[in-house]
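Reader: I should like to learn how to read the features of a structural model, beginning with its charged side chains. Please take me through an example step by step.

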Amino acid sequence: MTTPEAQQKLQTLSDEYQKLQTDLQAQVSALHRLEAQHTENTSVRSTLSNHSENSAIYKLIGPVLLKQEKAEAESAVEGRLEFIGNEMKRVEKLIADMQEKSEGKKMEVYQLQMKIQEGK
């Protein structure tokens with residue numbers, strides 16, 4: 001492999017590695033948002049469990065507060081928690097896969113750098 005070809009391949013690999021790192025960071029940010037939503041909904045579930053069945057519960061929809069049955073509110077919160085939990089698992093798996101790909105790309109870059117150094 002000639003030096004210009006090796007340098008071009010190294011640049012391509014480096015660019016691919018950078019893109020993987022950027023995508024990975026975006027997924028980590030998404031996971032943090034999901035964790036915050038999960039915490040918030042867990043808090044809501046806890047608050048709802050402290051109220052009696054005949055307590056007045058309101059749901060904010062736009063600028064309006066609408067009265068809601070406790071069972072309906074609990075069901076909605078449980079549904080959100082289930083959805084968020086599933087989404088967190090999906091994103092965690094995606095992050096693990098991206099980390100594995102990123103490490104592989106990093107090794108490719110390193111090995112090519114070593115070959116270039118040996119050729120000089």
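Author: The model shown here is predicted. Let us start with Asp97, which counts as partly exposed because its relative accessibility is 33%.

Reader: With which residue does Asp97 meet in a salt bridge?

Author: The general idea comes first. Side chains of opposite charge can pair when their charged atoms come close. In the present case, the side chain of Asp97 meets that of Lys93 in a salt bridge, at 3.2 Å from N to O. Lys93 counts as exposed, with 54% relative accessibility.

Reader: How many residues apart are Asp97 and Lys93?

Author: They are four residues apart, about one turn of the helix, and both lie in helix 2.

Reader: How many salt bridges does the structure hold?

Author: The structure holds nine salt bridges. One of them is formed by Glu16 and Lys105, with the closest N and O atoms 2.6 Å apart. Glu16 belongs to helix 1 and Lys105 to helix 2, so this pair ties together parts that are 89 residues apart in sequence.

Reader: Are Glu16 and Lys105 buried or exposed?

Author: One reads this from the relative accessible area, where buried means under 20% and exposed over 50%, with partly exposed in between. Glu16 has 34% relative accessibility, so it counts as partly exposed. Lys105 stands at 16% and therefore counts as buried.

Reader: Which residues does Lys105 touch, if residues up to four places away in sequence are not counted?

Author: Lys105 touches Leu13, Glu16, Tyr17 and Leu20, when residues up to four places away in sequence are set aside. With Glu16, the contact is also a polar one between the two side chains, at 2.6 Å. Of the residues touched, Leu13 and Leu20 are among the buried residues of helix 1.

Reader: Which elements cover the buried residues of helix 1?

Author: The cover includes strand 1, residues 57–61, and helix 2, residues 70–119. Other buried residues of helix 1 include Ala6, Leu10, Leu24, Ala30, Leu31, Leu34, Asn41 and Leu48.

Reader: What span does helix 1 reach from its first C-alpha to its last?

Author: Here one sets the span in the model beside the span expected at 1.5 Å a residue. Helix 1 runs over residues 3–49, which is 47 residues, and reaches 68 Å, close to the expected 69 Å.

Reader: Where do Lys70 and Glu53 lie, the side chains that meet in a salt bridge?

Author: The side chains of Lys70 and Glu53 meet at 3.9 Å, N to O. Lys70 lies in helix 2, whereas Glu53 is in the loop between helix 1 and strand 1, so the pair ties together parts 17 residues apart in sequence. Lys70 is buried, because its relative accessible area is 7%. Glu53, with 58%, is exposed.

Reader: Which residues form a nonpolar patch on the surface?

Author: A patch is read by asking which side chains contribute and what accessible area they have together. Tyr58, Leu60 and Leu65 form the nonpolar patch, with about 360 Å² of accessible area together. Tyr58 has its place in strand 1. Its relative accessible area is 48%, so Tyr58 is partly exposed.

How values were computed:
Residues numbered from 1 in each chain as written. Predicted model: local features only at pLDDT ≥ 70, side-chain atom pairs only at ≥ 80, totals over all residues. Heavy atoms only, no water. Helix = DSSP H or I, 4+ residues; strand = E, 2+ residues; numbered from the N terminus. Expected span 1.5 Å × (residues − 1). Buried < 20%, exposed > 50% of the residue type's maximum accessible area, 1.4 Å probe, protein only. Contact = heavy atoms within 4.5 Å. Polar contact = N/O pair within 3.5 Å; in protein donor to acceptor, adjacent residues only side chain to side chain. Patch = residues over 30% accessible without salt bridge, like charges linked within 9 Å, V, L, I, M, F, W, Y side chains within 5 Å. Areas by Shrake-Rupley, 256 points an atom, 1.4 Å probe, with all protein chains shown as cover. Salt bridge = Lys/Arg side-chain N within 4 Å of Asp/Glu carboxyl O.
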